[in-house]
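This briefing covers salt bridges and the burial of the residues that form them. The notes after the structure are grouped by topic.

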Amino acid sequence: MSYVPDNLKYTASHEWLEDLGDGKYRVGITEFAQEQLGDIVFVELPEVDESYAQEDECGVVESVKTASDIYCPLVGTVTAANDALEDTPELINDSPYDDGWIFELELGEDADLGSLLSAEDYRNSIVDDE
Amino acid sequence: MLIFEKSMPGRTATAQSPDEVDVNHLIPQQFQRGSRLGMPQASELDVVRHYTQLSQKNFAIDTNFYPLGSCTMKYNPRACNSLAMKDEFLARHPLAHESLSQGYLACMYHLQQILQAVTNMKGVSLTPMAGAQGEFSGVAMIKAYHDDRKDFERREIIVPDAAHGTNPATAIMCGYKVKEIRTDEDGNVDLDALDAVLGPQTAGIMLTNPSTLGVFESKIKIIAEKVHAAGGLLYYDGANLNAILGKTNPGIMGFDVIHMNLHKTFSTPHGGGGPGSGAIGVSERLLPFMPVPYVGKTDGNYHFVTAQDAPKSIGQLSTFAGNAGVNLRAYVYALLNGKQGMQRISEFATLNANYLMKRLEAVGFDLAFKKRRASHEFIVTLKKQAKELGLTASDLAKALLDEDMHAPTVYFPLLVAECLLIEPTETESKQTIDAFVEAMAKILEKAKTDIDHLKQAPYTTVVRRMDEVKAVKQPNVVYKINAS
C-alpha cells in the first residue's frame, strides 16, 4: 500500500493538499501517482499569480512512460511554484509529500473544500489499483 | 559505429561523386569556407558494407512480426511500391502543367472517389501530409464552418479520455478549449458525462471508432444525435479505419469530417516518422472548406482545385499537393483489393485480433475488456503480473525482442494499468500468431521462476536496456566532426 499521510487532503486525480493556514495550501502528487508514472523526467509548473478554476489543467508531469496533467484541486491563485523541480524533477519520485511539492495555492472565495477526499477516502479510491 | 569513425584520409569512392567543378570564383571571398567540410572519407565497398550492416539491424515488418497496436504495421505489397515508382510518376515535376499531368491527376481523382465511397463522405482532399495534419485540417474546417455561420460562441471540443494525444493537441492548435469525458467500464463513451459537457459552447467532438481501447463504440448513433442536436460537429479519427473497411463507415455513423491514415490502412511503409498521408473526407456542409489543392474534373480534363476556385477553403497545407508517393501507393493498394478485398481486410484484421486475444487469455493473460469482442486490436493488462511477479509491461516488451518479435504498444491508452495494445493485422498467418502466443506464454512462465533474468532483457539486441531517464534528460544526438 502506498503511503497516504493522514494530515493531508486529496483529489481523485491524485493530488494532495497541505493546509498552510490563512487559506493557503501546498499541492503535490501522491506517492501512488508517482509510482504509477515511473521515473519523472520533466515538470511543467503553473505560473505564479495565475488563477485557475477547480479541475483546470495547471501543469504537466512527464515520465519515461507517459505525460500526465496536473489538475488544480480547488479554485484559487498560484502563489509559489517549486522551481527546484525544473532541474531535479525526480524529487517527486524521491519525496512526493515533501521536497517534491509542486505549487502553492491561495484559495478563491468559493473554493469547495468539501469536494476533497480525506486520507481514508483516498486510500479506498486507490485500493483496487494497487 | 558511425561512418565518420570509419573515415580514412584520402580514401574515396567515385560512384556517386559529381565531377569536380571550381565554383570559388562565383562565391564572394567572405562567404567561402576556411576549412574542409569534414565529410567521411570511405571507399565504395566501405560504404556498401556500412549501410548494409546498418540495414540488417533494422527491425521491420519485412523481417519480423510487428503487432504494434494503433499503428497497423501490416505488410505493404511490393506492387504498390513498384507501380508508384514508375518513371512516369517519379519524373513528374510538382509544378508541371496540368496538361502534362493528366495521368497522375486521373489517379488522384480516382483515389478521391474510392476513398469517398469507402468512407461514405461527400468530398475528399488528399493534401494533408500525415495524420496529424489531417486532424488539424479537420478541426480547422469545423472552426471555419462555425465562423462562416457567425457562430462564434462555440469554443469547446469534446475529447474522450481514451483518445490519441494528438486529438486534444489538435483542438488546442485550432484555438479550442478541450473538454475531456470519461469512458465507462465497457470502453464506451459515458453518455452522462457527454450530456454534462454538451451545450451552445460545443464546437464538436473528436472520436476514434473503434476506439483506442480496441472496442467498437456501440452508442455512436446516439452520440451523433446528441452532438448534432447541440449544434456541434463530429470528427472521426481514422487511426482504426482498418477494422471497419468495407463493413461500415463514418458517413453512416454520422460523422461530418474524417481523416484517414493512408500510410496505415492503405499500406505504405511507415513507422519512421513519415512520409505519410492524412487524407480527409467531409460531409456536405463542410465541402466548401476542404484544404486545397484537390483534384477536380471539368469537360473530361483533370485539374487542381485551388483557393481561387474554393474561396472558403481553409487553405493550402504545404507547398504542393500532399505526398504524391504515398497517395499513389494507396491508389494501387485500393485497386489491388477492390471492394471485396477491402471487406476481407477488415474481416481478417478482426478475426486475427480475436483469435489472438482468446489464445492469450487461455495461456494466462488478463484482458482489459473481457466482455467485449476485439476490433482489430485489443488490450492485455499486466496489472496482476506486475503486482504478483514484478513483471511490468515494459519488461515483457523488452523480453519479446529476444524472441524476435516486435513489442506491442505499451502504456497506451493511459486508462489501463500496465497495458499492451496488440494489433496483429490481417496480413499475418495463423502460424505467426501462434508463435507470438508461444513467446508470450514462455515469458510469462519465465517470470514465475526467474524474474531477475527478464528485468535485464533484451539480451540479443544491438542496444540493451536503455537508461531511459538519462536518454530523456541528457540526449546525446550530435556527433562532433574533427575537421582536418
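Glu468(B) is partly exposed, because its relative accessible area of 29% lies above the 20% limit for buried and below the 50% limit for exposed. The model in which this value was computed is predicted. The side chain of Glu468(B) takes part in a salt bridge with Lys398(B), with 4.0 Å between the closest N and O atoms.

**Helix to helix**
- Lys398(B) belongs to helix α13 (residues 393–402) of chain B and Glu468(B) to helix α16 (residues 468–473) of chain B, so their salt bridge ties together parts 70 residues apart in sequence.

**Helix to loop**
- Lys442(B) and Glu403(B) form a salt bridge through their side chains, at 3.1 Å from N to O.
- Lys442(B) is in helix α14 of chain B, while Glu403(B) is in the loop between α13 and β12 (409–410) of chain B, so this pair ties together parts 39 residues apart in sequence.
- Glu403(B) has a relative accessible area of 24%, which means that it counts as partly exposed.

**Loop to loop**
- A salt bridge joins the side chains of Lys74(B) and Glu426(B), at 2.8 Å from N to O.
- This pair links distant parts of the chain, 352 residues apart: Lys74(B) sits in the loop between α1 (44–56) and α2 (78–84) of chain B, and Glu426(B) in the loop between β13 (419–422) and α14 (430–449) of chain B.
- Both Lys74(B) and Glu426(B) are buried.

**Network and total**
- Arg359(B), Lys430(B) and Asp434(B) are joined into one network by salt bridges that share partners.
- Over all chains, the count is 26 salt bridges.

How values were computed:
Residues numbered from 1 in each chain as written. Chains lettered and ligands numbered in written order. Predicted model: local features only at pLDDT ≥ 70, side-chain atom pairs only at ≥ 80, totals over all residues. Heavy atoms only, no water. Helix = DSSP H or I, 4+ residues; strand = E, 2+ residues; numbered from the N terminus. Buried < 20%, exposed > 50% of the residue type's maximum accessible area, 1.4 Å probe, protein only.
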